[in-house]
Amino acid sequence: MNEQVQSLVAVRADELAWNEVDDQIVVLDTATSTYHAVSGAGVTLWPLLVEGTTRADLLVRLTDTFDVPAERAEADLEAFLDSCAPLLRTT
């Protein structure tokens, strides 16, 4: 993750529609007509992704919000970003 820490990551806002429903974010990819659900800690990270953020800032949000060691948060963050890859842009 080290070389990607400062790269900007954001949702593909021009091709996605989303809404918070109960305890999750329901996302429609209008380019592919597929639905996705973001839940758990991902709901905490979604607003940062909408604004555009760095992996480092996402990691800080996880460690500040949840009582987890940095190593665990980093692994969980990478797994989350991998699962959301079709919804994201990285620069």
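A polar contact is a pair of N or O atoms within 3.5 Å; within protein, one atom must be able to donate a hydrogen and the other to accept it, and residues adjacent in sequence count only if both atoms are side-chain atoms. The exercises below use a predicted model, in which local features need pLDDT of at least 70, side-chain atom pairs count only at pLDDT 80 or more, and totals for chains, interfaces and linings use all residues. Residues are numbered from 1 along each chain as its sequence is written, and side-chain values use heavy atoms, with hydrogens and water left out.

**Exercise 1. Place Ser-7 and describe its surroundings.**

Step 1. Ser-7 lies in the segment before strand E1 (8-11). Helices (H or I, at least four residues) and strands (E, at least two) are DSSP runs, numbered from the N terminus.

Step 2. The relative accessibility of Ser-7 is 16%, so Ser-7 counts as buried. Buried means under 20% relative accessible area, exposed over 50%, and partly exposed in between (1.4 Å probe, protein chains only).

Step 3. The side chains of Ser-7 and Arg-55 make a polar contact at 3.4 Å.

Step 4. Not counting residues up to four places away in sequence, Ser-7 touches Thr-53, Thr-54, Arg-55, Thr-90 and Thr-91. Contact means heavy atoms within 4.5 Å.

**Exercise 2. Give the strand order of the sheet that holds E1, and find its edges.**

Step 1. The order in this open sheet of three strands is E5-E1-E6, and the pairing is antiparallel. Two strands pair if DSSP finds at least two bridges between them.

Step 2. Strand E5 (53-54) and E6 are at the edges; each has a single partner strand, so one side of each has no neighbour in the sheet.

Step 3. Two bridges join E1 and E5 in the antiparallel sense. Leu-8 stands opposite Thr-54 in E5.

**Exercise 3. Do the same for the sheet that holds E3, then add the helix that lies across it.**

Step 1. The order is E2-E3-E4, an open sheet of three strands with antiparallel pairing. Its edge strands, E2 (16-21) and E4 (34-39), each pair on one side only. From one strand to the next the twist averages 20°.

Step 2. Six bridges link strand E3 (residues 24-29) to E4 in the antiparallel sense. Thr-34 in E4 is the bridge partner of Asp-29.

Step 3. Helix H1 (residues 41-51) lies across E2, E3 and E4 and runs at about 115° to E4. Axes are lines fitted to C-alpha atoms, for helices over the stretch in contact, and angles run from 0 to 180 degrees between N-to-C directions.

**Exercise 4. Check the span of H3 and sort its residues by side.**

Step 1. The 14 residues of helix H3 (residues 70-83) should span 20 Å at 1.5 Å a residue, and the end C-alpha atoms are 20 Å apart, which agrees. The expected span is 1.5 Å times one less than the number of residues.

Step 2. Ala-73, Leu-77, Glu-78, Phe-80 and Leu-81 are the buried residues of H3. They cover an arc of only 165° around the axis, which puts them on the same side of H3. The arc is that of the directions from the helix axis to the C-beta atoms.

Step 3. Exposed residues Glu-71, Arg-72, Asp-82 and Ser-83 are on the face of H3 turned away from its buried side.

Step 4. The buried residues of H3 pack against E4, H1, helix H2 (55-65) and strand E6 (88-90).
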